[in-house]
Amino acid sequence: MQNDPHTTLVTQTANLAANTHGGRAKCLQRLVRLELPVPATVALSFTAVKKIAQGELPDIDAVLRQFPEDALLCVRPSSEDPDWGGPGAVLNIGMNQIRFEQLHDRLGEQAATQLYTRFVQSYSVHVARLDPDMFDDVVGVGRDALEQSLHAYQTETEEEFPAERSVQLAAVLKSMARAWDGTSARLLRQAKGAPAEAGLGLVVQQMAFGLGQGHSGAGVLQLVDQTTGQPQITGRYLHQSQGRDALSAEAKSIYLTRDPRGPSLEELQPELFETLKTHAALMRVRLREEMQIEFTIDNGVLHILDGVRVARSSRAAVRIAVALANDNVIPRQEALMRVEPRTLNELLHRQVDSAAKRDVIGHGIAASPGAATGKVVFTAADAQAADSRGEDCILVRRETSPEDIRGMHAARAVLTERGGITSHAAVIGRGMGLPCVVGVSDIRFQTAKQQLILRDGRVIKAGDIITVDGTSGQVLLGEVAMQEAALDDAFQTLMEWADDERDIGIRANADTPADAQTARNFNAQGIGLCRTEHMFFEAGRLTVMREMIFAEGPQDRWAALERLLPMQRDDFTQLFRIMDGRPVCIRLLDPPLHEFLPADRNGQSELADALDLPLSDVTRRIESMMEYNPMLGLRGVRLGITVPEIYEMQARAIFEATVEVSRDAGRDGTPVIPEIMIPLVSAKREVELVKARVDAMAATVRTQMEADFDYRLGVMVETPRAALRAGDIAPHCAFLSFGTNDLTQMTYGLSRDDAGRFMSDYVHQQVYDEDPFHVLDVDGVGELLQLGAARARESQPGLTLSICGEHGGNPDSIAFCRDAGFDYVSCSPFRVPVARLAAAQLAIKHKTG
């Protein structure tokens, strides 16, 4: 073995690495270096295992010479990342009739028989690949069971059970190596993030029995709770057992620490228990991680078989990382790098308990994380009615529209048949922190009949209870156990450390005072996008808005808008007060006006009554305003130019709110400097026209209120032409904010509301690497951003650049924006912590190279 670099005895100085021999082999070497009682171990490298799969075995005799002649062995997998898994361990290799008789005298009949029987059955199923049903008639653990197991093997294979240790070991190695190369194993580890060609190492270790005379058993121990991350000795221990037997559901394990409910290892073996705790504490410090110890006690003697990273929930991952840094085990920067940004979503929202039983009745796109249970309702009005009765409800729609906003506020979750990651329901759901699943194609939505038809024929009716899991995209029948959100002290500490490291700004998209307060709570540096259209759908405003739309001329429009003015002013006043001097970027009205009008007959009748007009006049007017392609029609800046009174009213409301808040008693003097953003610009002249009206309104308000104030005017770059002509547009602006939702739609020619129907097929067939509405397309859309940024700053140095689409909360998109020199990103309030941590990690990577 000295001449084979791929088969190595694990010693303190052996040449082992996780990327050549796997994480388990490297961890065992670290335990050996700590002088812990680790049984003799030989590590086989990735190369050796690959050769074994191809039929080229290592020198088996040389491997066996590293162990006593009568030692039983076990073989365990050693992948580079423990999360990638591997074949199951095979224990008690070397067991035969001679060894059985020897162990019978040393351990007793029951223990020896149990060892031999277990090995025969394990070898048969996992190595010889025989049907496990062949042992169904084997009863008990005595000699009869052993004889029956040996006979079953012989009957099935027509040969004696192999007796030589070298033959057994060779067969085990070949079986495990070939299992790793199998199609199922490849797909499974790829699903866990492993490369398709990831290597596998194997470790051959001398057995410590855990069975027999004296105090013997096996178990696992760790120093933290894997759900909360709080310090707590947890684990299981089982008398007369091997490996991880104690973890099986049927095992009659005893407690580790003293417990009034039963005996414990601490009471039965106090010195040994203290030694275990000492070893665990040493491993935590020296291996710089919370570790789970796998141990065996053989006749009162402790053996450490393995050490693995403690499995942990997202909540525990944060607390563990912070605790290790606070204890000076790792630096703060490393603590930040150890938490996956996306997993923070699980802390910010209620989640389905991982142990809960799930009756999955449908799947869709996980559009807004979190989970909620409630009664099914099919209209926004029904959702509001349920909320008034104190009943939790799930709003079910084919797709949502701005008219559903109030229903969404009343519901606990939203479920839609159509839509993608940036559809209306998805965007609003993420902004509100409302669980949402969209694009559910395996359920038939019969909204007129107020029922859902499942694939198996079951019918879900209004009032039935379902659970929507916006984190996984699953729809569940009935009520399930939940885990509550956990924004504890460890989370707050991690976020403070992240802010110390990051070098790009993080703002939030917030449309309401509640959204703004959430943004403040998550320490957003301002509001990067306030969509004012959502303000007009509130009760008491929609009718006035519709009166304005039906007005015959500018004078009548102003009459209606003057009624909306104080409402808008109050909206902006609340936002400015909540943000307390932090920037607030307000987008002027964007959607086409027909979106504010009722689409159904009942709504049109109610509108006719409210306006005192014939129903036929109302329906004709609504039909005349309909467009073939509203996304590219009369909306955004086009609306502001053709119906200028709307933008003038909004500008007045913004400026009057600015003055009012600036005059607030007790303010620390931080000036309120609003940012006004013009949507859907494609030409310089559009900006010039709107800017002239906004400037004029600013002058009017300054005169009328006898106050001075500053403001910043900018453009939302959503059209490819605006990006290409950014050099012309920039001199008229203080900032450009790239609206990547619409920019992606227009660049691809894709409807974000309809793309969900085929996007999974496109990604699966590698047409697109990722859904471009979820992860920024750096090659296409990204090139437009880079061109626009470069041309804008060439003509207007110091111009503020940002993105405010849903991509703003995606770690990969943040990396692109940071590299492109953008000043900040803006995302949904509940994605702000994710963005803060992702930005910190990018800055750390840049500093450390």
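**Asking how the labels were earned**

Colleague: Asp131, Asp133, Asp136, Asp137 and Glu156 gather on the surface in a patch of negative charge. What makes this a patch?

Modeller: A patch takes residues with over 30% relative accessible area and no salt bridge, and joins like charges within 9 Å. A salt bridge here is a side-chain nitrogen of Lys or Arg within 4 Å of a carboxyl oxygen of Asp or Glu. Asp and Glu count as negative, and Lys and Arg as positive, while His and the chain ends are not counted. One thing to keep in mind is that this is a predicted model, where local features need pLDDT of at least 70, side-chain atom pairs count only at pLDDT 80 or more, and totals for chains, interfaces and linings use all residues. Residues are numbered from 1 along each chain as its sequence is written, and side-chain values use heavy atoms, leaving out hydrogens and water.

Colleague: Why is Glu156 called partly exposed?

Modeller: Buried means under 20% relative accessible area, exposed means over 50%, and partly exposed lies in between (1.4 Å probe, protein chains only). Glu156 has 49%, so it is partly exposed. You will find Glu156 in helix H7, residues 143-157; helices are DSSP runs of H or I with at least four residues, strands are E runs of at least two, and both are numbered from the N terminus.

Colleague: How do you know that Glu35 counts as exposed?

Modeller: Glu35 has a relative accessibility of 66%, and the cut-off for exposed is over 50%, so Glu35 counts as exposed. Glu35 sits in the loop between helix H2 (23-33) and strand S2 (41-44). Its phi is near 60°, a positive value in a residue other than glycine.

Colleague: What about Asp580, in the loop between helix H21 (554-579) and strand S25 (584-587): what makes it partly exposed?

Modeller: The relative accessible area of Asp580 is 39%, so Asp580 is partly exposed. Asp580 also has a positive phi, near 50°.

Colleague: Why is helix H29 called largely enclosed by the rest of the structure?

Modeller: Seven of the nine residues of H29 (residues 740-748) are buried, so the name fits. Among the buried ones are Thr740, Leu743 and Met746. Their cover includes helix H17 (424-432), strand S27 (712-717) and helix H31 (781-795). Just after H29, Gly749 takes a positive phi of about 70°.

Colleague: And how many of the protein's residues count as buried?

Modeller: Of its 849 residues, 56% do.

Methods:
Patch = residues over 30% accessible without salt bridge, like charges linked within 9 Å, V, L, I, M, F, W, Y side chains within 5 Å. Areas by Shrake-Rupley, 256 points an atom, 1.4 Å probe, with all protein chains shown as cover. Charge placed at Lys NZ, Arg CZ, Asp CG, Glu CD. Contact = heavy atoms within 4.5 Å.
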